[in-house]
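Work through these exercises with the structure open beside you. Try each task before you read its solution.

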Amino acid sequence: MSAVERRPAARSEDPLAILRLIDRLEVGPLQLEPRRLTAPYRVVRDGAESSIDLVYRYDEDVFEPDDPAARNLAAMIAAQVALNYGLFCREIVLRGPFDAADRRLLTEMAANTAREIYVKKFLEHNPFLVGPAASLPAVKRESYLAADLVFPDADRVEKPAAGGAGDRSRFAVLSSGGKDSLLSLGLLTEMGHETHSLFVAESGRHWLTALNAHRHLSATRPETTARVWTSSDRVFSAMLRHLPFVRPDFARVRADEYPIRLWTVAVFLFGALPLVRKRGVGRLVVGDEFDCTHRTSREGITHYDGLYDQSRYFDEALSRYYRAKGWPLTQFSILRQLSELLIEKVLVERYPELQRHQVSCHATHLEGERALPCGKCEKCRRIVAMLLALDADPRACGYTAGQIEACLEALPRDGIHQESAGAEHLAWMLAEKGLTPPGGA
(Lines give C-alpha, C1' and ligand atoms only; values in the text may rest on other atoms or scores of the structure.)
Protein backbone atom coordinates (compact mmCIF):
# COMPACT_ATOMS: atom_id res chain seq x y z
CA MET A 1 0.00 0.00 0.00
CA SER A 2 1.43 3.35 -1.06
CA ALA A 3 1.64 6.42 1.11
CA VAL A 4 0.66 9.64 -0.68
CA GLU A 5 1.28 13.15 0.59
CA ARG A 6 -1.24 15.16 -1.39
CA ARG A 7 -0.80 18.79 -2.33
CA PRO A 8 -3.65 21.28 -1.86
CA ALA A 9 -6.14 21.28 -4.71
CA ALA A 10 -5.16 23.54 -7.63
CA ARG A 11 -7.20 26.66 -8.23
CA SER A 12 -8.90 27.42 -11.52
CA GLU A 13 -7.05 29.87 -13.77
CA ASP A 14 -3.92 29.35 -11.75
CA PRO A 15 -1.15 31.57 -13.17
CA LEU A 16 1.44 29.11 -11.88
CA ALA A 17 -0.06 26.26 -13.91
CA ILE A 18 2.37 27.06 -16.76
CA LEU A 19 5.14 25.71 -14.54
CA ARG A 20 3.57 22.26 -14.03
CA LEU A 21 5.00 20.61 -17.13
CA ILE A 22 6.23 17.25 -15.81
CA ASP A 23 3.56 14.59 -15.40
CA ARG A 24 5.67 12.33 -13.20
CA LEU A 25 9.15 12.29 -11.76
CA GLU A 26 10.05 8.86 -10.44
CA VAL A 27 13.12 8.13 -8.32
CA GLY A 28 14.29 4.54 -7.95
CA PRO A 29 14.25 1.65 -7.46
CA LEU A 30 17.68 1.74 -5.89
CA GLN A 31 20.68 -0.38 -6.72
CA LEU A 32 22.95 -0.64 -3.69
CA GLU A 33 26.52 -1.90 -3.50
CA PRO A 34 29.04 -1.56 -0.64
CA ARG A 35 30.61 1.52 -2.28
CA ARG A 36 27.94 2.69 -4.67
CA LEU A 37 24.35 3.90 -4.78
CA THR A 38 22.50 4.18 -8.10
CA ALA A 39 18.99 5.59 -8.46
CA PRO A 40 17.33 6.25 -11.83
CA TYR A 41 15.56 9.59 -12.23
CA ARG A 42 12.73 8.90 -14.68
CA VAL A 43 10.76 11.81 -16.17
CA VAL A 44 7.40 11.39 -17.92
CA ARG A 45 6.24 14.46 -19.86
CA ASP A 46 3.63 14.66 -22.63
CA GLY A 47 3.72 10.90 -23.11
CA ALA A 48 7.48 10.79 -23.56
CA GLU A 49 9.84 9.24 -21.05
CA SER A 50 13.54 9.78 -20.32
CA SER A 51 15.86 8.62 -17.59
CA ILE A 52 19.23 9.42 -16.07
CA ASP A 53 21.01 7.73 -13.18
CA LEU A 54 21.89 9.56 -9.98
CA VAL A 55 25.06 7.96 -8.61
CA TYR A 56 26.93 8.29 -5.32
CA ARG A 57 30.29 6.54 -5.17
CA TYR A 58 32.48 6.09 -2.08
CA ASP A 59 36.17 5.24 -1.70
CA GLU A 60 35.45 2.74 1.07
CA ASP A 61 32.67 0.31 2.01
CA VAL A 62 29.77 2.21 3.60
CA PHE A 63 26.70 0.11 2.76
CA GLU A 64 25.63 -3.42 3.57
CA PRO A 65 23.16 -3.89 0.68
CA ASP A 66 20.93 -6.28 2.63
CA ASP A 67 20.79 -4.09 5.74
CA PRO A 68 17.36 -2.38 5.98
CA ALA A 69 18.90 0.63 7.74
CA ALA A 70 21.43 1.06 4.93
CA ARG A 71 18.69 0.86 2.29
CA ASN A 72 16.61 3.36 4.23
CA LEU A 73 19.50 5.86 4.35
CA ALA A 74 20.29 5.26 0.67
CA ALA A 75 16.69 6.03 -0.27
CA MET A 76 16.87 9.34 1.60
CA ILE A 77 20.11 10.23 -0.18
CA ALA A 78 18.57 9.49 -3.57
CA ALA A 79 15.45 11.57 -2.88
CA GLN A 80 17.15 14.91 -2.16
CA VAL A 81 17.66 16.13 -5.74
CA ALA A 82 13.96 15.57 -6.47
CA LEU A 83 12.87 18.09 -3.82
CA ASN A 84 13.82 20.89 -6.23
CA TYR A 85 10.99 20.01 -8.62
CA GLY A 86 7.83 20.07 -6.52
CA LEU A 87 6.77 23.28 -8.29
CA PHE A 88 7.02 21.68 -11.74
CA CYS A 89 5.62 18.14 -11.34
CA ARG A 90 2.14 16.75 -10.93
CA GLU A 91 3.51 13.70 -9.16
CA ILE A 92 6.84 12.76 -7.58
CA VAL A 93 7.19 9.04 -6.91
CA LEU A 94 9.91 8.16 -4.40
CA ARG A 95 10.67 4.44 -4.34
CA GLY A 96 12.32 2.99 -1.27
CA PRO A 97 11.69 2.06 2.37
CA PHE A 98 10.66 5.44 3.80
CA ASP A 99 9.21 5.52 7.31
CA ALA A 100 6.96 8.21 8.79
CA ALA A 101 9.87 10.46 9.84
CA ASP A 102 11.35 10.26 6.33
CA ARG A 103 8.06 11.08 4.64
CA ARG A 104 7.41 13.98 6.97
CA LEU A 105 10.83 15.54 6.34
CA LEU A 106 10.66 15.05 2.57
CA THR A 107 7.17 16.53 2.32
CA GLU A 108 7.98 19.54 4.50
CA MET A 109 11.20 20.28 2.62
CA ALA A 110 9.56 19.84 -0.79
CA ALA A 111 6.89 22.38 0.17
CA ASN A 112 9.43 24.80 1.63
CA THR A 113 11.67 24.53 -1.44
CA ALA A 114 8.76 25.07 -3.85
CA ARG A 115 7.97 28.37 -2.13
CA GLU A 116 11.62 29.45 -2.04
CA ILE A 117 12.09 28.68 -5.75
CA TYR A 118 8.89 30.51 -6.69
CA VAL A 119 9.97 33.66 -4.85
CA LYS A 120 13.71 33.65 -5.58
CA LYS A 121 13.70 32.27 -9.12
CA PHE A 122 10.45 33.61 -10.57
CA LEU A 123 9.46 36.74 -8.67
CA GLU A 124 13.03 38.06 -8.67
CA HIS A 125 15.11 38.65 -11.76
CA ASN A 126 16.51 35.41 -13.15
CA PRO A 127 18.77 35.61 -16.23
CA PHE A 128 18.02 31.98 -17.09
CA LEU A 129 14.27 32.41 -17.72
CA VAL A 130 12.48 32.98 -21.03
CA GLY A 131 8.84 33.43 -21.99
CA PRO A 132 5.83 34.09 -19.74
CA ALA A 133 7.45 32.34 -16.78
CA ALA A 134 9.90 35.23 -16.55
CA SER A 135 7.09 37.60 -15.54
CA LEU A 136 4.85 35.61 -13.21
CA PRO A 137 2.62 37.58 -10.81
CA ALA A 138 2.97 37.31 -7.04
CA VAL A 139 0.30 34.91 -5.80
CA LYS A 140 -0.07 34.39 -2.07
CA ARG A 141 -1.23 30.92 -1.05
CA GLU A 142 -0.83 28.35 1.69
CA SER A 143 1.38 26.00 -0.33
CA TYR A 144 3.26 26.18 -3.62
CA LEU A 145 3.91 22.46 -3.80
CA ALA A 146 2.28 21.33 -7.07
CA ALA A 147 3.22 17.65 -6.84
CA ASP A 148 1.68 14.79 -4.95
CA LEU A 149 4.51 12.91 -3.21
CA VAL A 150 3.93 9.18 -3.59
CA PHE A 151 5.79 6.57 -1.51
CA PRO A 152 4.81 3.21 -3.05
CA ASP A 153 7.07 1.16 -0.76
CA ALA A 154 6.05 2.77 2.52
CA ASP A 155 4.64 -0.47 3.88
CA ARG A 156 7.95 -2.28 3.34
CA VAL A 157 9.98 -0.49 6.00
CA GLU A 158 11.56 -3.19 8.14
CA LYS A 159 12.94 -0.90 10.84
CA PRO A 160 12.98 2.88 11.17
CA ALA A 161 16.53 3.70 12.25
CA ALA A 162 18.84 4.82 9.45
CA GLY A 163 21.56 5.91 11.84
CA GLY A 164 23.82 4.24 14.33
CA ALA A 165 25.97 5.01 17.32
CA GLY A 166 27.09 8.61 17.56
CA ASP A 167 30.13 9.60 19.65
CA ARG A 168 29.77 13.25 20.68
CA SER A 169 33.57 13.58 20.91
CA ARG A 170 33.85 12.88 17.18
CA PHE A 171 33.14 15.67 14.72
CA ALA A 172 32.68 15.65 10.95
CA VAL A 173 32.99 18.81 8.85
CA LEU A 174 31.10 18.96 5.56
CA SER A 175 34.05 20.27 3.56
CA SER A 176 34.24 22.26 0.34
CA GLY A 177 37.66 23.90 0.23
CA GLY A 178 36.20 27.25 1.22
CA LYS A 179 37.06 29.41 4.21
CA ASP A 180 34.16 28.25 6.39
CA SER A 181 34.94 24.55 6.39
CA LEU A 182 38.69 25.19 6.68
CA LEU A 183 38.21 27.43 9.70
CA SER A 184 35.81 24.92 11.30
CA LEU A 185 38.46 22.22 10.88
CA GLY A 186 41.20 24.43 12.29
CA LEU A 187 39.22 25.43 15.37
CA LEU A 188 37.99 21.92 16.19
CA THR A 189 41.45 20.44 15.71
CA GLU A 190 43.04 23.08 17.95
CA MET A 191 40.46 22.25 20.62
CA GLY A 192 41.66 18.65 20.51
CA HIS A 193 38.63 17.01 18.87
CA GLU A 194 38.82 14.08 16.49
CA THR A 195 37.62 15.82 13.33
CA HIS A 196 36.81 14.22 9.97
CA SER A 197 36.80 16.27 6.75
CA LEU A 198 34.13 14.86 4.43
CA PHE A 199 34.19 16.15 0.85
CA VAL A 200 31.36 15.56 -1.63
CA ALA A 201 32.51 15.94 -5.24
CA GLU A 202 30.16 16.56 -8.15
CA SER A 203 31.18 15.05 -11.48
CA GLY A 204 31.78 18.42 -13.14
CA ARG A 205 34.28 21.24 -12.62
CA HIS A 206 32.72 22.19 -9.30
CA TRP A 207 35.08 19.67 -7.69
CA LEU A 208 38.05 21.86 -8.56
CA THR A 209 36.97 24.24 -5.80
CA ALA A 210 37.72 21.55 -3.23
CA LEU A 211 40.70 19.97 -4.96
CA ASN A 212 43.54 21.87 -3.24
CA ALA A 213 42.17 21.40 0.27
CA HIS A 214 41.31 17.74 -0.33
CA ARG A 215 44.79 16.93 -1.61
CA HIS A 216 46.43 18.72 1.30
CA LEU A 217 44.27 17.05 3.94
CA SER A 218 44.52 13.63 2.28
CA ALA A 219 48.30 13.91 2.50
CA THR A 220 48.46 15.28 6.06
CA ARG A 221 45.35 13.70 7.65
CA PRO A 222 44.58 10.58 5.59
CA GLU A 223 42.69 8.73 8.35
CA THR A 224 40.17 11.53 8.85
CA THR A 225 39.71 12.75 5.26
CA ALA A 226 37.22 11.17 2.87
CA ARG A 227 35.54 11.92 -0.44
CA VAL A 228 32.20 11.05 -2.01
CA TRP A 229 31.65 11.36 -5.76
CA THR A 230 28.18 12.10 -7.13
CA SER A 231 26.59 12.72 -10.51
CA SER A 232 24.02 15.12 -9.03
CA ASP A 233 25.18 17.97 -11.30
CA ARG A 234 24.40 15.84 -14.36
CA VAL A 235 20.92 15.13 -13.03
CA PHE A 236 20.34 18.83 -12.34
CA SER A 237 21.36 19.69 -15.92
CA ALA A 238 19.19 16.94 -17.37
CA MET A 239 16.17 18.16 -15.41
CA LEU A 240 16.62 21.71 -16.76
CA ARG A 241 16.11 20.38 -20.29
CA HIS A 242 12.58 19.34 -19.30
CA LEU A 243 11.75 22.94 -18.34
CA PRO A 244 11.23 25.00 -21.54
CA PHE A 245 11.09 28.27 -19.60
CA VAL A 246 14.82 27.83 -18.87
CA ARG A 247 17.13 29.10 -21.61
CA PRO A 248 18.46 26.17 -23.67
CA ASP A 249 21.94 27.71 -23.51
CA PHE A 250 21.87 27.89 -19.70
CA ALA A 251 25.34 26.35 -19.46
CA ARG A 252 26.82 29.39 -21.24
CA VAL A 253 25.24 32.00 -18.99
CA ARG A 254 27.76 33.45 -16.54
CA ALA A 255 25.95 33.99 -13.26
CA ASP A 256 26.58 33.61 -9.54
CA GLU A 257 23.47 31.47 -9.06
CA TYR A 258 21.89 28.26 -10.31
CA PRO A 259 19.03 28.50 -12.84
CA ILE A 260 16.37 26.85 -10.66
CA ARG A 261 17.57 24.69 -7.78
CA LEU A 262 17.79 25.86 -4.18
CA TRP A 263 17.79 22.55 -2.27
CA THR A 264 21.50 21.87 -2.74
CA VAL A 265 23.28 21.56 0.62
CA ALA A 266 21.19 18.50 1.53
CA VAL A 267 22.26 16.77 -1.70
CA PHE A 268 25.83 16.89 -0.38
CA LEU A 269 25.02 16.48 3.31
CA PHE A 270 22.93 13.32 2.92
CA GLY A 271 25.62 11.94 0.62
CA ALA A 272 28.11 12.28 3.48
CA LEU A 273 25.87 10.60 6.07
CA PRO A 274 26.99 7.01 5.31
CA LEU A 275 30.53 8.08 6.27
CA VAL A 276 29.22 9.81 9.38
CA ARG A 277 27.34 6.64 10.29
CA LYS A 278 30.29 4.31 9.63
CA ARG A 279 32.73 6.44 11.65
CA GLY A 280 30.43 6.80 14.64
CA VAL A 281 30.42 10.60 14.46
CA GLY A 282 28.06 12.35 16.87
CA ARG A 283 28.40 15.95 15.69
CA LEU A 284 28.07 17.09 12.09
CA VAL A 285 29.44 20.58 11.43
CA VAL A 286 28.48 22.79 8.48
CA GLY A 287 30.23 26.07 7.75
CA ASP A 288 27.64 28.82 7.88
CA GLU A 289 28.07 32.32 9.27
CA PHE A 290 25.53 34.33 11.22
CA ASP A 291 23.75 36.21 8.43
CA CYS A 292 22.14 33.11 6.87
CA THR A 293 19.39 32.73 9.49
CA HIS A 294 16.53 35.10 8.78
CA ARG A 295 13.05 35.35 7.32
CA THR A 296 11.81 38.04 5.01
CA SER A 297 8.74 38.83 2.93
CA ARG A 298 8.02 39.66 -0.69
CA GLU A 299 4.56 40.97 -1.54
CA GLY A 300 3.14 39.25 1.52
CA ILE A 301 4.90 35.91 0.91
CA THR A 302 7.10 34.98 3.86
CA HIS A 303 10.25 33.10 2.87
CA TYR A 304 13.86 32.38 3.84
CA ASP A 305 15.51 34.44 1.08
CA GLY A 306 16.79 31.30 -0.62
CA LEU A 307 19.10 30.55 2.32
CA TYR A 308 17.07 28.01 4.26
CA ASP A 309 19.60 25.21 3.81
CA GLN A 310 22.33 27.49 5.15
CA SER A 311 20.34 28.60 8.19
CA ARG A 312 19.97 27.57 11.80
CA TYR A 313 16.40 26.49 10.94
CA PHE A 314 17.85 23.84 8.62
CA ASP A 315 20.32 22.57 11.22
CA GLU A 316 17.56 22.31 13.82
CA ALA A 317 15.19 20.51 11.43
CA LEU A 318 17.86 17.96 10.49
CA SER A 319 18.87 17.44 14.14
CA ARG A 320 15.21 16.73 14.98
CA TYR A 321 15.08 14.28 12.09
CA TYR A 322 18.16 12.41 13.31
CA ARG A 323 16.60 12.11 16.77
CA ALA A 324 13.37 10.79 15.25
CA LYS A 325 15.46 8.11 13.53
CA GLY A 326 17.07 7.09 16.82
CA TRP A 327 20.42 8.49 15.70
CA PRO A 328 22.36 10.48 18.36
CA LEU A 329 23.66 12.98 15.79
CA THR A 330 23.52 16.78 16.06
CA GLN A 331 24.07 19.18 13.17
CA PHE A 332 25.23 22.77 13.64
CA SER A 333 27.76 25.45 12.68
CA ILE A 334 30.40 26.76 15.07
CA LEU A 335 30.66 29.97 13.01
CA ARG A 336 27.18 31.41 13.58
CA GLN A 337 28.51 34.26 15.71
CA LEU A 338 31.02 35.34 13.06
CA SER A 339 30.71 37.61 10.06
CA GLU A 340 32.29 36.58 6.77
CA LEU A 341 35.09 39.10 7.28
CA LEU A 342 35.83 37.81 10.77
CA ILE A 343 35.89 34.22 9.49
CA GLU A 344 38.50 35.20 6.91
CA LYS A 345 40.48 37.15 9.52
CA VAL A 346 40.71 34.23 11.95
CA LEU A 347 41.60 31.79 9.17
CA VAL A 348 44.37 34.05 7.82
CA GLU A 349 45.88 34.90 11.17
CA ARG A 350 45.47 31.64 13.06
CA TYR A 351 45.61 28.92 10.39
CA PRO A 352 47.64 30.24 7.43
CA GLU A 353 48.67 26.68 6.54
CA LEU A 354 45.00 25.95 5.82
CA GLN A 355 44.16 29.33 4.29
CA ARG A 356 46.62 28.94 1.44
CA HIS A 357 44.50 26.00 0.21
CA GLN A 358 41.30 28.08 0.25
CA VAL A 359 39.38 28.30 -3.03
CA SER A 360 36.10 30.21 -2.99
CA CYS A 361 35.48 30.37 -6.74
CA HIS A 362 33.22 28.09 -8.79
CA ALA A 363 34.94 28.93 -12.10
CA THR A 364 38.34 27.54 -11.19
CA HIS A 365 40.87 26.08 -13.61
CA LEU A 366 43.86 23.79 -13.32
CA GLU A 367 47.45 24.87 -13.76
CA GLY A 368 49.65 21.88 -13.20
CA GLU A 369 48.46 20.11 -10.05
CA ARG A 370 46.83 23.16 -8.48
CA ALA A 371 43.32 24.57 -8.92
CA LEU A 372 43.36 28.34 -9.30
CA PRO A 373 40.53 30.90 -9.03
CA CYS A 374 39.19 32.75 -12.07
CA GLY A 375 39.78 36.22 -10.56
CA LYS A 376 36.70 37.58 -12.36
CA CYS A 377 33.58 36.48 -10.47
CA GLU A 378 31.81 38.08 -7.52
CA LYS A 379 33.25 35.55 -5.08
CA CYS A 380 36.78 36.34 -6.22
CA ARG A 381 36.17 40.09 -5.80
CA ARG A 382 34.89 39.45 -2.30
CA ILE A 383 37.78 37.20 -1.23
CA VAL A 384 40.46 39.48 -2.69
CA ALA A 385 38.85 42.52 -1.03
CA MET A 386 38.71 40.86 2.38
CA LEU A 387 42.26 39.57 2.20
CA LEU A 388 43.62 42.99 1.24
CA ALA A 389 41.59 44.66 3.98
CA LEU A 390 43.17 42.23 6.45
CA ASP A 391 46.71 42.95 5.17
CA ALA A 392 46.92 39.41 3.78
CA ASP A 393 48.35 38.50 0.40
CA PRO A 394 45.76 37.03 -2.01
CA ARG A 395 48.63 35.47 -3.97
CA ALA A 396 49.03 32.92 -1.17
CA CYS A 397 45.82 31.20 -2.26
CA GLY A 398 46.39 31.50 -5.99
CA TYR A 399 45.47 34.99 -7.20
CA THR A 400 47.85 36.71 -9.60
CA ALA A 401 48.87 40.36 -9.34
CA GLY A 402 46.77 41.10 -12.44
CA GLN A 403 43.69 39.43 -10.97
CA ILE A 404 44.10 41.35 -7.71
CA GLU A 405 44.29 44.64 -9.58
CA ALA A 406 41.25 43.73 -11.72
CA CYS A 407 39.19 42.76 -8.64
CA LEU A 408 39.96 46.08 -6.95
CA GLU A 409 39.10 47.99 -10.10
CA ALA A 410 35.74 46.18 -10.46
CA LEU A 411 34.80 46.46 -6.79
CA PRO A 412 33.31 50.01 -6.79
CA ARG A 413 31.42 49.29 -10.01
CA ASP A 414 30.10 45.78 -9.43
CA GLY A 415 30.05 45.48 -5.64
CA ILE A 416 29.80 42.23 -3.67
CA HIS A 417 27.08 40.01 -2.23
CA GLN A 418 27.48 40.56 1.49
CA GLU A 419 25.30 41.74 4.36
CA SER A 420 25.11 45.55 4.34
CA ALA A 421 26.98 46.07 7.63
CA GLY A 422 29.82 43.79 6.50
CA ALA A 423 30.04 45.43 3.07
CA GLU A 424 30.16 48.90 4.63
CA HIS A 425 32.86 47.83 7.09
CA LEU A 426 34.90 46.27 4.29
CA ALA A 427 34.55 49.40 2.14
CA TRP A 428 35.76 51.55 5.02
CA MET A 429 38.79 49.31 5.64
CA LEU A 430 39.80 49.36 1.98
CA ALA A 431 39.34 53.12 1.72
CA GLU A 432 41.42 53.66 4.89
CA LYS A 433 44.25 51.76 3.19
CA GLY A 434 43.85 53.82 0.02
CA LEU A 435 42.92 50.76 -2.02
CA THR A 436 39.47 52.00 -3.12
CA PRO A 437 37.58 55.30 -3.11
CA PRO A 438 35.45 55.97 0.02
CA GLY A 439 32.34 53.75 -0.08
CA GLY A 440 33.82 51.83 -2.98
CA ALA A 441 32.69 48.34 -1.91
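The exercises below go from the whole chain down to single residues, and the model they use is a predicted one.

**Exercise 1. The whole chain**

Task: Find how many helices and strands the chain has, and decide how its radius of gyration fits the globule rule.

Solution:
- Step 1. Count the elements. The chain has 12 helices and 16 strands.
- Step 2. Take the radius of gyration, which is 22 Å. For 441 residues the globule rule gives 22 Å. The two values are close, so the chain is as compact as a globular protein of that length.
- Step 3. Look at the extent. The C-alpha trace spans about 70 × 50 × 40 Å along its principal axes.
- Step 4. Check burial. Of the 441 residues, 59% are buried.
- Step 5. Check the contacts. Take those between residues at least 6 apart in sequence: 75% of them join residues at least 24 apart.
- Step 6. Turn to the surface. The accessible surface is about 18500 Å², and carbon and sulfur atoms account for 49% of it.

**Exercise 2. The cores**

Task: State how many residues the largest nonpolar core has, and which of them have the most contacts inside it.

Solution:
- Step 1. The largest nonpolar core has 98 residues. Those with the most contacts inside it are F88, Y118, F122, F245, I260, F270 and L273.
- Step 2. Ask which element gives the most. That is α2, with 11 residues.
- Step 3. Zoom in on Y118. Beyond four places in sequence, Y118 is in contact with L16, L87, L123, L136, P137, A138, V139, Y144 and I301.
- Step 4. Look for another core. A second, separate one has 25 residues, including L341, C361, I404 and L411.

**Exercise 3. Helix α7**

Task: Compare the span of α7 with the expected value, then find what its buried residues pack against.

Solution:
- Step 1. Helix α7 covers residues 312-324, which is 13 residues. At 1.5 Å a residue, the helix should span 18 Å. Its end C-alpha atoms are 18 Å apart, so the values agree.
- Step 2. List the buried residues. In α7 they are F314, D315, A317, L318, S319, Y321 and Y322.
- Step 3. Use the helix rule. An α-helix has 3.6 residues a turn, so residues three or four places apart point the same way.
- Step 4. Name the partners. The buried residues of α7 pack against α1, α2, α6, β11 and β14.
- Step 5. Inspect both ends. At the start, a side-chain oxygen of S311 comes within 3.3 Å of the backbone nitrogen of Y313. Just after α7, G326 has a positive phi of about 75 degrees.

**Exercise 4. Helix α10 and K179**

Task: Decide whether α10 is mostly covered or mostly open, and trace K179 in one of the covering helices.

Solution:
- Step 1. Helix α10 runs over residues 378-389. Its ends are 16 Å apart, close to the 16 Å expected.
- Step 2. Count the buried residues. They are 11 of 12, and α10 is mostly covered.
- Step 3. Find the cover. It includes α3, α8, α9, α11 and α12.
- Step 4. Go to K179, which sits in α3. Its relative accessible area is 8%; that is under 20%, so K179 is buried.
- Step 5. List its contacts beyond four places in sequence. Among them are I383 and M386, both buried residues of α10. K179 also touches E340, and the side chains of K179 and E340 form a polar contact of 3.0 Å.

**Exercise 5. Backbone exceptions**

Task: Find where the cis peptide bond lies, and which residues other than glycine have a positive phi near 60 or 65 degrees.

Solution:
- Step 1. Recall the usual case. Most residues other than glycine have a negative phi, and most peptide bonds are trans.
- Step 2. Find the cis bond. It goes from G28 to P29, with omega near 5 degrees. P29 is in the loop between β2 and β3.
- Step 3. Take D305, with a positive phi of about 60 degrees. D305 lies in the loop between β13 and α7. Its relative accessible area is 26%, so D305 is partly exposed.
- Step 4. Take D391, with a phi near 65 degrees. D391 lies in the loop between α10 and α11. Its relative accessible area is 64%, so D391 is exposed.

Key:
Residues numbered from 1 in each chain as written. Predicted model: local features only at pLDDT ≥ 70, side-chain atom pairs only at ≥ 80, totals over all residues. Heavy atoms only, no water. Helix = DSSP H or I, 4+ residues; strand = E, 2+ residues; numbered from the N terminus. Expected span 1.5 Å × (residues − 1). Buried < 20%, exposed > 50% of the residue type's maximum accessible area, 1.4 Å probe, protein only. Contact = heavy atoms within 4.5 Å. Polar contact = N/O pair within 3.5 Å; in protein donor to acceptor, adjacent residues only side chain to side chain. Rg over C-alpha atoms; globule rule 2.2 N^0.38 Å. Areas by Shrake-Rupley, 256 points an atom, 1.4 Å probe, with all protein chains shown as cover. Core = buried A, V, L, I, M, F, W, Y, C linked by side-chain atoms within 4.5 Å.
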